[in-house]
Amino acid sequence: MKGFSTLAVVIILIIVVIAVAGIFFVINSQGGHSTTTTSTSSSFSTSSQASSSQTTASSQISASIIAGGSTFVNPLMQVWIKDFQSNYNGIQVTYSAVGSGAGVNNFLQGAYDIGATDVPPPSNLYQQLTQKYGEVLTIPDVVGAVDIIYNIPSFSGTLNLTADVLAKIYLGQIQYWDDPAIKALNPHFNFTHQKIIAVHRSDGSGTTFIFTYWLYTSSQSWRSSNVSYGYTVNWPVDKLGNGLGGKGSDGVTAYVSQNPYSIGYVEAQYAIAKNLTPAAVLNPSTGDYVLPTQASIETAIQNANLSSLPSSLTRDLSQYLSVFLNVKAHNAYPIVTFSWLVIKVNYTDKSKAEAIYLFLKYIATTGQTELPSGYIELPSNIQQLILQNLKLISYNNTSVYTLVS
C-alpha cells in the first residue's frame, strides 16, 4: 500500500508539473500577442494624434488680421478672405480699400498688420518702416494691369492712345477729342469737338503711382513737365477745370461711366466689372498698339526680366517697379504690374504670426487659382520665391512655419 502511495504521489507530482508548465506556456503565449497588439495600437494612436495635432494647431489658431490699402487688389482680396476664412474659422481677416498710400502709412503707424500697395514702398518710406519694425517683407500677391478707360458717345472700334497723348491730356495740353494728335492715331473716326474730362484718383494711389511712373518713363512731355510721379501728384489739368478726382478705383470708374467724353485709369478688373471699353496703348518698345487682355498681360509677364528680382524680399524693392512696364515683346501690354503686401518679419504675438503666415501662404498658393477676370497668376518662380521668404516670419525671433506647415 505504501509503495502504491509513493508511486501515486510521484504520478500526481508529474501531472501537476506538466499542468503548470502548460499554463505558463499559455499565459506567455497570450501575453506575447497582447503586448504586440498593444504596441501596434499604441504606435497607430501616437501617429494619429501627432497628425491630428498638426492639423488642429492650424485650425484652432485664433487671431485677427487687419489689412488695407490698394483698391487695385480689393475685388480679389474679398474673394481671398472669404475662401481663406472658410478653412480657418478662427482667423478673422478684414480689408479696407483706402488706397495704397494710406495702406502703407497705416501699416507704418501700427493700425494695419498688412499694408497693401500697387508699388513697393519708395526708398524713404521703406527706411521709415525698417527703422520702426526692423526687417519687413514686401511680397508680390498678384499681377494686374492699368487700363485706360473712356466714355465717348457713338464711338465704336478701338481707341488708340500713346503715352505722350495721355501725358498731354493730363497736362491740359490736349483739351478736345478732335485734337489733331488724337485724330492722327485714329484716322477712321470723326471725333466731335468736345472737351476731354480727365479723371484721376483723389487719394494716395498705387495705381496713380504706376500710371504716372509709366508716363514719366515713356513720355518726354511728362518728364519735362516737372509733375513727376508718386502716390499723389499735382494734376495740371485740374487748374483748367477739366480734371475730376475720384476716390479709389471705384470712384474713377463711376466718374468715367457717368460723364460723357471722359477718360481715366483703373485696374483691369474694374473696367471688366463695369463693362467699360479699354483703349489700345502703344508699347514704345515694339511700336504695337495693344489692348489689355489676358494674353497680352501674360506676354508681358513671360518676357519680363524676372531674374533681376533679388532672392531676399526683405530689402528696398522700389527699383523693381518697372519690371513689367514696356516689356519688349510683340503683343505685350505696356502697363503691367505686381500688387504688393508689406508685413513685419518678427512678432511678439505667436497666434498673429502664425495667422499671417497661413494667410500669405494661402495667397501665394491656393489663392492664385481663385482669380477673377482682370488679374493674372503669379509666375511659378515668384510663388516659390515668396514661400521661401515667408519662412522668415517669426515669433520672438523663432520661425513659425514649422508649427503650422
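**Stop 1: strands S1, S2 and S3**

Start by selecting strand S1 and strand S3 (residues 114-117): these two run parallel and are joined by 3 bridges. For a residue pair to zoom in on, take Gly69, which stands opposite Ala116 in S3. A word before going on: what you have open is a predicted model.

Now add strand S2 (residues 91-96), which pairs with S1 in the parallel sense over 6 bridges. Here the pair to label is Ile66 and its bridge partner in S2, Thr94. Show helix H2 (residues 74-87) as well, and you have the right-handed β-α-β unit made by S1, H2 and S2.

Is S1 largely enclosed or left open by the rest of the structure? Colour residues 63-69 by accessibility: 5 of the 7 residues of S1 are buried, so the strand is largely enclosed by the rest of the structure.

**Stop 2: the whole protein**

Zoom out for a moment. The protein has 15 helices and 15 strands. Of its 405 residues, 49% count as buried. If you draw a contact map, look away from the diagonal: among contacts with a separation of 6 or more, 75% are between residues 24 or more positions apart.

**Stop 3: the largest nonpolar core**

In soluble globular proteins, nonpolar side chains tend to be buried together. To see this here, select Ile148, Ile263, Phe338, Phe359, Leu360 and Ile393; of the 117 residues in the largest nonpolar core, these touch the most other members. Next pick helix H13 (residues 350-364), which supplies the largest share of this core, 10 residues.

Why does this core lie between two domains? Colour domain 1 (63-143 + 311-319 + 337-399) and domain 2 (146-300) separately: both give residues to the core, so it lies between them.

For a closer look, centre on Leu360. Leaving out residues up to four places away in sequence, Leu360 touches Ile114, Ile139, Leu341, Ile343, Leu390 and Ile393.

There is also a second, separate core of 8 residues. Select Ile149, Val199, Val256 and Ala271, which are among its members.

**Stop 4: strand S6 and its partners**

Move to strand S6 (residues 197-201), where 4 of the 5 residues are buried. Show strand S7 (residues 243-246) beside S6: the two run parallel, with 4 bridges between them. His200 has Gly245 as its bridge partner in S7.

Then bring in strand S8 (residues 262-267), also parallel to S6 and joined to it by 2 bridges. The pair to label is Ala198 and Ile263, which stand opposite each other. You have met Ile263 already, in the list of residues that touch the most other members of the largest core.

**Stop 5: Thr337 and Ile210**

Select Thr337, which sits in strand S11 (residues 336-344). Thr337 is buried, with a relative accessible area of 3%. Where does its side chain reach? Draw a distance to the backbone oxygen of Asp118, and you will find 3.5 Å. Beyond its neighbours within four places in sequence, Thr337 is in contact with Phe72, Asp118, Val142, Val143, Gly144, Ile210 and Phe324.

From that list, step to Ile210, in helix H7 (residues 206-218). Ile210 counts as buried too, at 1% relative accessibility. With neighbours within four places in sequence set aside, its contacts are Asp118, Val119, Val146, Leu321, Leu325, Ile335 and Thr337. One of these is worth a distance label: the C-alpha atoms of Ile210 and Leu321 are separated by 7.9 Å, although the two residues are 111 apart along the chain.

**Stop 6: two open sheets**

Finish with two open sheets. One has 3 strands in the order S12-S14-S15, with mixed pairing. Strand S12 (346-347) and strand S15 (398-399) stand at the edges, each with a single partner strand, so one side of each is left without a neighbour in the sheet. S12 pairs with strand S14 (residues 394-395) in the parallel sense over 2 bridges, and Tyr347 stands opposite Tyr395 in S14.

The other, also of 3 strands and mixed, has the order S5-S9-S10. Its edge strands are strand S5 (160-161) and strand S10 (288-290), each pairing on one side only. Select strand S9 (residues 280-283) with S10 to see an antiparallel pair joined by 3 bridges. Last to label is Leu282, whose bridge partner in S10 is Tyr289.

Conventions. Residues numbered from 1 in each chain as written. Predicted model: local features only at pLDDT ≥ 70, side-chain atom pairs only at ≥ 80, totals over all residues. Heavy atoms only, no water. Core = buried A, V, L, I, M, F, W, Y, C linked by side-chain atoms within 4.5 Å. Buried < 20%, exposed > 50% of the residue type's maximum accessible area, 1.4 Å probe, protein only. Domains from an automatic or database assignment. Contact = heavy atoms within 4.5 Å. Pairing = 2+ DSSP bridges. Right-handed = clockwise from strand over helix to strand, strands pointing away. Polar contact = N/O pair within 3.5 Å; in protein donor to acceptor, adjacent residues only side chain to side chain.
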